Amino acid sequence: MTVVTRFAPSPTGFLHIGGGRTALFNWLYARKTGGRMLLRIEDTDRQRSTTEAIDAILDGLSWLGLDWDGETIFQFARAGRHAEVALGLLAEGRAYRCYASPEELDEMRALAMKEGRPPRYDGRWRDRDPADAPAGVKPVIRLKAQQDGETVVDDLVQGRVVIPNKDLDDLVLLRSDGTPTYMLAVVVDDHDMGITHVVRGVDHLTNAARQIQIYQALGWAVPAMAHIPLIHGSDGAKLSKRHGALGVEQYRALGYLPEALRNYLVRLGWSHGDQEFFSTEEMTAAFDLSGVGRSAARFDLAKLDAINAHYIRHADDQRLMAAIDDVLPHIDGGRAIADALSPLVRAQILKAMPGLKERARTVLDLIDGAGFILAQRPIQVDAKAAALLTPDARSHLTALHQRLAGLSEWSATSADAAVRSEAEARGIKLGALAQPLRAALTGRTTSPGIFDVLDVLGREESLARIADQAR
């Protein structure tokens, strides 16, 4: 059997972090088994589904590096097929027309609440003669659900889940306007797409029993099911924006690398011994649904920052340059920075990258750290750096300017020797000279190593910036 999984988001919003993890688990299981992952956009909610959300979902999946097999399926386009299946069940006596009015349904719900029962349709049209149908009322079509016994979900993550059939009412398959419900559409689509494994959030577990009854009524094989745990915030509460529940595209704008986010997401609910860091190849080889736990995973933004910092430190410098290019269109001021990235500036950033990435948690930190390269003279000096540029410090810079100007070779090594020699000649500690030098060159109190800064900026620009602050 070839494994076929699917990711089936609803385009009523962007691809949120939980959806990204669900897509990743489906993708990994398909790739691990040599199978296929299909993509289905469940756009039957026409009022809330938007083109912008569909585009954001596709873009988010692509950015995460999660490709899918075949053409994207749009559920709404299959509404005719869904109705065909419902009418087939009706013809076989496995479904029936229900003429209950909205007022009657409200009364059923009110009575159930009064008696402390879950609201259930009472089946009043299940065996009733259609000749009794009130005039002018368009019926819904309901499944004749099993009333006795139990429905069992043998879940690959949650284990054996048993639901008494008395707790499952006759669910609606087709609405009165002829449109299919979610429950019917999902079953028909999964069957027609050849889905062998349904991997989705545990919040769909109650739907599973209802969908199994539809499968059984149709005489179709039920796919294997794996309901993965939800993601909670670090405080154990339901994940929300205050915990970091953002759209995947927002994590790109915040400077996270897709490979780091993949690594973080795969560890939310799945474990493989004590291993923390996984290349895509490693996680694909190791992933199995048996490693997914039942308890809710906790989203920890600090942990994501640490993983992202690890990936940045170990990334190829050209890869990080590409990451900078990727994030610029998505941040304020990014266009201006992109316009300033001449071949010379790019070469300077690449030269500075070893120092930049040691201090960075995100790609935004890399961009911020490279600000000294992009700065135009006279550079802006922040308050902390300005405090270092005392009259004595400016006098030291004047002497250092003369010494550096006399260097026959300009490099980090030669600059290091020159600065140390000047500090020794003036009887001051190295920091008393290096700190105001950093302020003069970068406008800040923190930067990559100061000798690397001199090397990256080059002789002409370095001397000019020192001269701007010297006396």
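**Exercise 1. The second largest pocket**

How much space lies in the second largest pocket? Describe the lining of this pocket in the predicted model.

Solution.
- Step 1, volume: the second largest pocket holds about 520 Å³ of space.
- Step 2, centre: 24 residues line the second largest pocket, and Leu105, Arg109, Val140, Arg142 and Val172 lie nearest its centre.
- Step 3, elements: α4 (102–114) and β5 are the elements that give two or more residues to this lining. The largest share, four residues, comes from α4.
- Step 4, classes: the lining of the second largest pocket divides into 13 nonpolar, three polar and eight charged residues.

**Exercise 2. The sheet that contains β5**

Place β5 in its sheet, and state which strands lie at the edges.

Solution.
- Step 1, order: β4, β5 and β8 form an open sheet of three strands, in the order β4-β5-β8, with antiparallel pairing.
- Step 2, edges: β4 (95–98) and β8 (172–174) each pair on one side only, and are the edge strands.
- Step 3, twist: from one strand to the next, the twist averages 45°.
- Step 4, one pair in detail: β4 and β5 (residues 140–143) run antiparallel and are joined by four bridges. Cys98 stands opposite Val140 in β5. Val140 is also among the residues nearest the centre of the second largest pocket.

**Exercise 3. A hairpin**

Which residue of β7 stands opposite Thr151? Describe how β6 and β7 are joined.

Solution.
- Step 1, pairing: β6 (residues 150–155) and β7 (residues 159–164) run antiparallel, with six bridges between them.
- Step 2, connection: the two strands are joined by a hairpin through three residues.
- Step 3, partner: the residue opposite Thr151 is Ile163.

**Exercise 4. The largest pocket**

Which element gives the most to the lining of the largest pocket? Describe the rest of the lining as well.

Solution.
- Step 1, volume: about 1,100 Å³ of space lies in the largest pocket.
- Step 2, centre: the lining has 42 residues, with His16, Gly18, Gly19, Asp203 and His204 nearest the centre of the pocket.
- Step 3, elements: two or more residues each come from β1 (4–7), α1, β9 (197–201), β11 (231–232) and α7 (248–253). The greatest contribution is that of α1, with five residues.
- Step 4, classes: the lining of the largest pocket comprises 17 nonpolar, 14 polar and eleven charged residues.

**Exercise 5. Two helix contacts**

Classify the packing of α1 with α8 and of α11 with α13, and list the residues that make each contact.

Solution.
- Step 1, α1 with α8: the axes of α1 (residues 17–32) and α8 (residues 258–266) come within 10 Å and cross at roughly 85°. Angles of 65 to 115 degrees count as roughly perpendicular, so α1 and α8 are roughly perpendicular to each other.
- Step 2, residues: from α1, Ile17, Gly20, Arg21, Leu24, Phe25 and Leu28 meet Leu261, Arg262, Leu265 and Val266 in α8. This contact of α1 with α8 has seven nonpolar, one polar and two charged residues.
- Step 3, α11 with α13: α11 (residues 317–327) and α13 (residues 343–359) pack at an angle of about 110°, their axes being 10 Å apart. That makes α11 roughly perpendicular to α13.
- Step 4, residues: α11 contributes Asp317, Gln318, Leu320, Met321, Ile324 and Asp325, and α13 contributes Arg346, Ile349, Leu350, Met353, Pro354 and Lys357. By class, the contact of α11 with α13 has seven nonpolar, one polar and four charged residues.

Notes. Residues numbered from 1 in each chain as written. Predicted model: local features only at pLDDT ≥ 70, side-chain atom pairs only at ≥ 80, totals over all residues. Heavy atoms only, no water. Pairing = 2+ DSSP bridges. Axes fitted to C-alpha atoms, helices over the stretch in contact; angles between N-to-C directions. Parallel < 35°, antiparallel > 145°, perpendicular 65-115°, else oblique. Contact = heavy atoms within 4.5 Å. Nonpolar A, V, L, I, M, F, W, Y, C, P; charged D, E, K, R; others polar. 1 Å grid on protein atoms, 1.4 Å probe; cavity = no way out; pocket = protein on both sides within 12 Å on 5 of 7 lines; lining within 4 Å. Points joined across faces, edges and corners; volume = space filled by probe spheres on them.
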